[in-house]
Amino acid sequence: MAEANNTTLRAAQGSGATAVSAQDAALERKMRRRGDESRFWWLVPTLYIIFLMLPIYWLVNMSFKTNQEIIGPITFFPVNPTLKNYAVIFSDPSWYSGYINSIIYVVMNMVISVAVALPAAYAFSRYRFLGDKHLFFWLLTNRMAPPAVFALPFFQLYSAFGLIDTHIAVALAHCLFNVPLAVWILEGFMSGVPKEIDETAYIDGYSFPRFFVKIFMPLIASGIGVAAFFCFMFSWVELLLARTLTTTAAKPISAIMTRTVSASGLDWGVLAAAGVLTIIPGALVIWFVRNYIAKGFALGRV
Amino acid sequence: MLELRNVTKAVGGVDHIRDVSLQLEHGSLNVLLGPTLSGKTSLMRLMAGLDRPTSGSVWFDGKDVTGVRVQDRNVAMVYQQFINYPAMTVYENIASPLRVAGEDKAKIDREVHRAAELLKLTPYLNRTPLNLSGGQQQRTALARAIVKNARLVLLDEPLANLDYKLREELRAELPKIFSETGAIFVYATTEPHEALLLGGNTATLSEGRITQFGPTISVFRKPLNLTTARTFADPPLNMIALDKEGTDFVLEGGVRLPVPQELAGIPDANYTIAFQPHHLSLHKPHKQAVSVKAKVLVTEITGSESFVHLSFADARWVMLAHGVLSFEPDEMVDVYIDPRHIMVFDGHGNAVGAKPRKAA
């Protein structure tokens, strides 16, 4: 009887032990599985980055190759690296003037957009007036229309005023998209500044312009940075309006790039070099405003 | 002298300030006392010139300043929220009104250091306000108000967001600092005891109206109407409606409370009597005191004092008693009402027997 009891007890212990070890094993498996996951955590991001960077890599790669090499068999690095393509761009006025034109109208557009948007955004953030919300929304909807819709009216309008092929024409046309965006971004930042700061400044004796420049603008500096950045980006990459409204004197680089088919066929290398040079200003601007943008996403609306 | 004449302010069809007339003397300390939304801030904004009254006028030293921009008035204001210029250092924050006024560098430097010394901000002059504690931020705002040397200083619940110790300290300091300048000093608060500590004059506000204005102590002791009495009481005032019959007020249950001598002549009618929580006691304070039986609702103990919430007839009372008391809920207790300390109001809520005094 006692023996039987002992055996059952032992059996029970044994089964208990197996249960425990089974649990351990399950835990171990789970841990190993998690370990497997963490061992390959880099896989998906790496694939994604390769996918993103591949065209840029290919572009940079091409820009250092000769045309023969480009149309020949695939090479992953230039066999005979050359800077000739870049030399062409920096020496030929029909190339480098494209960059100058683009930068001129982009900067003009940035300045106009932000200068116009600042008072507008202030009004939207500080005053209530009839239909303010509708007006604000309507401004935003301007961004939803495709540029092609506006190409024709702009062309006709600017022809009538003799503005075709000037920098200001493109800058003004881009304002159609950039002013609403800038107003929207700045309004978010301004609404984050308590109205009491305005009033305290008035009580201290500040006039409105002085208050706006000395007290208010420093408070929304990152907002102005973010707004200017977005204006830059949209104006820099916009092709259709810029191409339609210019012929030679203010022709943007993107238009020059898409038209470069010479008698001897496509000049692949030069085109690639132009592409690389087109990316650089955008990358530079992003680099400079990256902190502001991070702050901007946190503070304002954007 | 700042004078408001029949000032009304409506925003979106809602009256925030209703027909307020007020005269504040130079060198006086004036407390605006009222619960939240009673119109303290609205009234201050009208005094400062940040808002224009819908009707009525604002006069300063005999001149109508109703339409004058706030920049052209000599006012300083401090908000409940800590409002400073975040992009400037504390030094520049304090210097800002002087810079705008075009004072020379040496004077600005002297004034800023004097104000910083006064408010113990000297070590922080080179920091920006957001790197300071709440108390330091508010002191920066106060320092800016001091250097301006304004004729009208408006403080809108300036200490409400500060911790207890700092509040006590600054509350004692502020009136002294500003009284030297001879300015009209206006201080808004929701707390009756703060008004009592500050002294000076008090205007009690309720729903956009000034219900009474006069020396703080007399407003507290002899409110002209029930609204003022209720505004100026924390914990809430104890009230009960009753009838006067001959020489006594008759309470529910037939308890007779003798009518105070000075009110002996009032006609028999329905009245409301009110008294402060510390005038309700467990022990007979005076031979005329009357005992009533009340039911205990709940007892709150705060250190050495107890708030006993009672129900008597339809009324809910609070008794403030010394010591830690433990009553069971629903226990019946005998409490004493001292007829010497009751305030009597007629059916319209006006104090009975008090002569309406000319507002000082």
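A residue counts as buried when its relative accessible area is under 20%. Keep that cut-off in mind as we walk through this predicted model, beginning inside chain B and ending where chain B meets chain A.

**Two buried residues in chain B**

Let us start with Leu4(B), which sits in strand S1, residues 2-11 of chain B. Is Leu4(B) buried or exposed? Its relative accessibility is 2%, so Leu4(B) counts as buried. Which residues does Leu4(B) touch, if we skip those up to four places away in sequence? They are Val20(B), Ser21(B), Leu22(B), Leu43(B), Met47(B), Ser57(B) and Val58(B). You can also look for Phe213(B): it is 209 residues away from Leu4(B) along the chain, and the two C-alpha atoms are separated by 13 Å.

Now turn to Glu111(B), which belongs to helix H3, residues 105-118 of chain B. Glu111(B) has a charged side chain by the usual grouping, and at 17% relative accessibility it counts as buried because that value is under the 20% cut-off. Setting aside neighbours within four places in sequence, Glu111(B) is in contact with Leu98(B) and Val147(B).

Here are the two residues side by side:

| Residue | Element of chain B | Relative accessibility |
|---|---|---|
| Leu4(B) | strand S1 (residues 2-11) | 2% |
| Glu111(B) | helix H3 (residues 105-118) | 17% |

**The annotated span**

Both residues fall within a span that has a record. In an unreviewed entry, UniProt places the feature "domain: ABC transporter" at residues 2-232 of chain B. In the model, this span is 37% helix and 27% strand, and its end C-alpha atoms lie 24 Å apart.

**Where the chains meet**

How many residues does each chain bring to the contact? Chain A gives 18 residues and chain B gives 21 residues. Together they bury an area of about 1700 Å², with carbon and sulfur atoms giving 63% of it. On the chain A side, Glu199(A), Ile203(A) and Asp204(A) supply 36% of the area that chain A buries against chain B, more than any other three residues.

Polar links also cross this interface. Nine residue pairs are in polar contact between the two chains, each residue at pLDDT 80 or more, and the rule finds two salt bridges. One of the salt bridges joins the side chains of Asp204(A) and Arg144(B), at 3.5 Å from N to O.

Helix H9 (195-204) and helix H10 (208-219) of chain A each supply at least two residues of the side that touches chain B. The largest share, eight residues, comes from H9(A). By type, the residues of this side divide into ten nonpolar, three polar and five charged.

Notes:
Residues numbered from 1 in each chain as written. Chains lettered and ligands numbered in written order. Predicted model: local features only at pLDDT ≥ 70, side-chain atom pairs only at ≥ 80, totals over all residues. Heavy atoms only, no water. UniProt positions renumbered as here; feature names shortened; annotations may be inferred. Helix = DSSP H or I, 4+ residues; strand = E, 2+ residues; numbered from the N terminus. Contact = heavy atoms within 4.5 Å. Buried area = accessible area lost by both parts, 1.4 Å probe. Salt bridge = Lys/Arg side-chain N within 4 Å of Asp/Glu carboxyl O. Polar contact = N/O pair within 3.5 Å; in protein donor to acceptor, adjacent residues only side chain to side chain. Buried < 20%, exposed > 50% of the residue type's maximum accessible area, 1.4 Å probe, protein only.
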